[in-house]
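Please work through the exercises below with the sequence and the structure in view, and try each task before you read its solution.

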Amino acid sequence: MTKLGYLGPEGTYSHTMALRYAAEHECQPVCCYSLSSVFQQVDDGFLDMGIVPVENSTEGSVGETLDLLLSCEGIYVNAELLLPVRHHLLARPGTVLAGIEKVYSHPQALAQCRKFIAEHLPGAQLVETASTAAAALAVASAPLNAAAIGSDNAAATYALELLSSDIQSNNDNVTRFLVISRDNPVPAVPAKTSLALAVLDHPGALSRILREFSLRAINLTRIESRPAGSKLGDYIFFIDLVGRVDDPVVAEAVEALSNNTLWIKFLGCYPACEGMKSYQQYQGSGYSNIQQLRGKIDLVDDEILYLLTMRQRLVDRVADLKKDTCEVIDQTREAEIMNRVKEQARENNLNTDMVVKIFRLMLLESVRRQKTLISASL
Ligand SMILES: O=C(O)C(=O)C[C@]1(C(=O)O)C=C[C@@H](O)C=C1
């Protein structure tokens with residue numbers, strides 16, 4: 001039977017997720033005692049798959065999972081799963097709410113149930129444990145004045161009762177898990193693709209990377225930075241995008257990233273989870289029909305207009321500096337600009353006459369605008 005590793009001990013939310021996945025996919029959950037052990041055992045072939053938490057809607061990313069995804073060669077993401085986090089107050093049979101003096105749980109779970117504790121257990125001592133499962137285990141052999149905060153699965157695992165259900169302050173608290181394995185069959189659409197990349201250290205590199213996606217209407221559902229572990233200020237970016245890795249538009253964007261990246265690592269392509277917003281927004285991409293192409297042309301036009309606006313703002317600032325001399329036209333600078341753009345036009349196989357006309361028009365407009373601004377300020 002297929003073996004699925006999860007971060008134990010039994011009764012953790014990872015265990016709950018593993019049980020749910022195993023029920024649907026006929027596999028056997030295997031308890032591991034660290035995230036790196038899940039990755040290592042998948043890599044060694046002892047486990048076929050692993051299930052690992054990657055982010056929580058309240059607490060943010062699980063950095064260790066991201067680091068392991070990056071450092072383990074030949075391990076890919078095959079699925080994403082969402083688990084709504086439901087905390088309950090667990091206690092041994094016979095315990096009553098009024099008699100509880102100690103509450104055990106992981107610090108995050110205690111924090112996430114702050115309102116309930118303040119209202120119903122204001123005098124109780126809070127005891128922090130390594131996991132919600134460890135809290136349930138402690139309470140299973142404690143006197144009847146103790147309770148744990150954890151899942152219904154932890155209650156079942158350690159023969160505890162639910163004294164109060166759904167005691168979390170935020171009902172939208174969700175943890176996202178990834179299923180990892182050694183192979184990565186490209187799924188049917190809708191799918192997501194995860195990448196990690198190191199951005200070159202020059203101004204604008206990150207914005208150019210993001211532009212390659214926005215120009216192609218590729219929706220990024222997540223971008224996360226992690227320290228590269230080398231020197232302070234060096235970061236690695238983790239990107240999740242909506243689209244299959246073999247979609248020509250996605251492939252073209254990834255190819256275009258190479259000008260601004262040191263390296264790119266493909267982390268996996270997997271079905272987009274139905275609960276994710278991005279899934280509902282997924283329209284499909286491509287270059288195959290006129291609507292799709294016109295949509296992309298509109299995005300490029302938006303970008304041109306945005307850049308014209310940015311250029312105009314800079315020209316206005318130069319006008320400010322020219323107030324004293326009132327000499328607006330700078331022939332040397334204009335020649336420099338024209339030479340540069342002509343060369344780039346040739347390199348990019350653009351009609352140089354057209355590019356020259358556009359830039360002449362822009363420079364003419366700069367001069368007109370600067371003259372108006374300067375005379376208005378005098
Ligand atoms: O660089 C300058 O001095 C500017 O005023 C900007 C600018 C331009 O639009 O790029 C505008 C007019 C000058 O003749 C040269 C260049």
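UniProt positions are given in the numbering used here, feature names are shortened, and annotations may be inferred rather than shown by experiment. Residues are numbered from 1 along each chain as its sequence is written. This is a predicted model, in which local features need pLDDT of at least 70 and side-chain atom pairs count only at pLDDT 80 or more, while totals for chains, interfaces and linings use all residues.

**Exercise 1.** Find the residues that UniProt lists for "domain: ACT", and describe the chain over residues 194-271.

*Solution.* Begin with the record: the unreviewed UniProt entry lists residues 194-271 under that name. Next, turn to the secondary structure, where helices (H or I, at least four residues) and strands (E, at least two) are DSSP runs, numbered from the N terminus. Over residues 194-271 the chain is 26% helix and 42% strand, and 11 Å lie between the end C-alpha atoms.

**Exercise 2.** State how domain 1 and domain 2 are bounded, and how many residues each brings to their contact.

*Solution.* First take the bounds, which come from an automatic or database domain assignment: among them are domain 1 (1-85 + 173-183) and domain 2 (88-164). Then consider their centres, taken over C-alpha atoms, which are separated by 25 Å. Finally, with contact meaning that the C-beta atoms of two residues, placed from the backbone, lie within 7 Å, eleven residues from domain 1 and 13 residues from domain 2 take part.

**Exercise 3.** Give the number of helices and strands in the protein chain.

*Solution.* Counting the runs as in the first exercise, the protein chain has 13 helices and 15 strands.
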